[in-house]
Amino acid sequence: MDVEQTALPGIGLRHDFTTRAGRRIGVVSYRTGRRDLVVYDPEDPDAVRETIKLVDEEADALVELLGAPRIVARLNELHREVEGLVSLQVPLAQQWAGLQMGAAQVRTQTGASIVAIVRSGQVNASPAPDFVFAEQDVVVVVGSPESTEAAGHILAGG
């Protein structure tokens, strides 16, 4: 999928792409932090048919709806290809907030790997050991059924 990025001087950035069905969609990210979802006219891909202004919470919700399930879907595809591999999404216990991921020693203690952290709708893939956990993070762990269960126990504060 080709995503075009266009600088909008004094405004921000616009990212556009064309769906397989030929529809053109974009997101305008303003310097102020506001984001607009833009749907182009199918008859004229340069003409905007509709603009949906999104406040931060709405943009985060949309990212979560589109982003988090996508990474889980990719992991599920991988599970079908690699027998015995499972993934688990774990809501992080508050005790870990503010600490580096490495402090949990998940891989050392369980053999499972943390492959992503979902925070406020943003997917942080392949986080490094110095990644700092925050409240309400959801941790995506991959490994054997036993290792992911053990990792979930650690991360959920059990």
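**Note on the predicted model**

1. **Serine 147.** Leaving out residues up to four places away in sequence, serine 147 touches Thr110, Gly111 and Ala112. Serine 147 lies in helix 3. Its relative accessible area is 7%, so it counts as buried, the cut-off being under 20%. One of its partners, Ala112, also helps to line the second largest pocket, which is taken up in point 6.

2. **Confidence.** Please keep in mind that this is a predicted model. The mean pLDDT of the chain is 84. A pLDDT of 70 or more is reached by 87% of the residues. The elements do not share one level of confidence: helix 1 (residues 56-81) has the lowest mean pLDDT, at 65. Helix 2 (residues 106-110) has the highest, at 93. Where pLDDT is low, predicted coordinates should not be read in detail. Helix 1, with its mean of 65, is the element to treat with that caution.

3. **Overall layout.** The chain has three helices and nine strands. Read from the N terminus, the order is β-β-β-β-β-α-β-α-β-β-β-α. Five strands thus come before the first helix, and a helix closes the series. The chain has 158 residues, of which 30% count as buried. Take the contacts between residues at least 6 apart in sequence: 42% of them join residues at least 24 apart.

4. **The largest nonpolar core.** Which residues of this core touch the most other members? They are Trp96, Ile114, Phe133, Val139, Val141 and Leu155, out of 17 residues in the core. Strand 7 (113-119), strand 9 (138-143) and helix 3 (145-155) each supply at least two residues. Helix 3 gives the most, with three. In soluble globular proteins, nonpolar side chains tend to be buried together. Tryptophan 96 is one of the well-connected members. Beyond four places in sequence, it touches Ala103, Ala104, Phe133, Ile154 and Leu155. Phe133 and Leu155 are on that contact list and are themselves among the core members with the most partners.

5. **Isoleucine 114.** Is this residue buried or exposed? It is buried, because its relative accessible area of 13% falls under the 20% cut-off. Its place is in strand 7. Neighbours within four places aside, isoleucine 114 is in contact with Met101, Val106, Pro127, Phe133, Val139, Val140, Val141 and Leu155. Phe133, Val139, Val141 and Leu155 appear in that list, and each is also named among the core members with the most partners. Isoleucine 114 and alanine 125 are eleven residues apart in sequence; their C-alpha atoms are 9.0 Å apart. Isoleucine 114 also belongs to the lining of the second largest pocket.

6. **The second largest pocket.** Its volume is about 180 Å³. The lining is made up of Met101, Gly102, Gln105, Val106, Arg107, Thr108, Ala112, Ser113, Ile114 and Pro129. Helix 2 and strand 7 each supply at least two of these residues. Which element gives the most? Helix 2 does, with three residues. By type, the lining divides into five nonpolar, four polar and one charged. Met101 and Val106 line the pocket and are also in contact with isoleucine 114.

7. **Two positive phi values.** Most residues other than glycine have a negative phi. Two glutamines are worth checking on this point. Glutamine 105 has a phi near 50°. It sits in the loop between strand 6 (86-91) and helix 2. Its relative accessibility is 43%, so it counts as partly exposed. Glutamine 105 is also one of the pocket-lining residues. Glutamine 136 has a positive phi of about 70°. Its loop lies between strand 8 and strand 9. Glutamine 136 has a relative accessibility of 73% and therefore counts as exposed, the cut-off being over 50%.

8. **Asparagine 124.** This residue is in strand 8 (residues 122-125). At a relative accessible area of 26%, it is partly exposed. Not counting residues up to four places away, it touches Val115, Ala116, Ile117, Arg119 and Phe131. Asparagine 124 and valine 140 are 16 residues apart in sequence and 9.9 Å apart in space, C-alpha to C-alpha. Valine 140 also turns up among the contacts of isoleucine 114.

Terms used: Residues numbered from 1 in each chain as written. Predicted model: local features only at pLDDT ≥ 70, side-chain atom pairs only at ≥ 80, totals over all residues. Heavy atoms only, no water. Helix = DSSP H or I, 4+ residues; strand = E, 2+ residues; numbered from the N terminus. Buried < 20%, exposed > 50% of the residue type's maximum accessible area, 1.4 Å probe, protein only. Contact = heavy atoms within 4.5 Å. pLDDT = per-residue confidence, 0-100. Core = buried A, V, L, I, M, F, W, Y, C linked by side-chain atoms within 4.5 Å. 1 Å grid on protein atoms, 1.4 Å probe; cavity = no way out; pocket = protein on both sides within 12 Å on 5 of 7 lines; lining within 4 Å. Points joined across faces, edges and corners; volume = space filled by probe spheres on them. Nonpolar A, V, L, I, M, F, W, Y, C, P; charged D, E, K, R; others polar.
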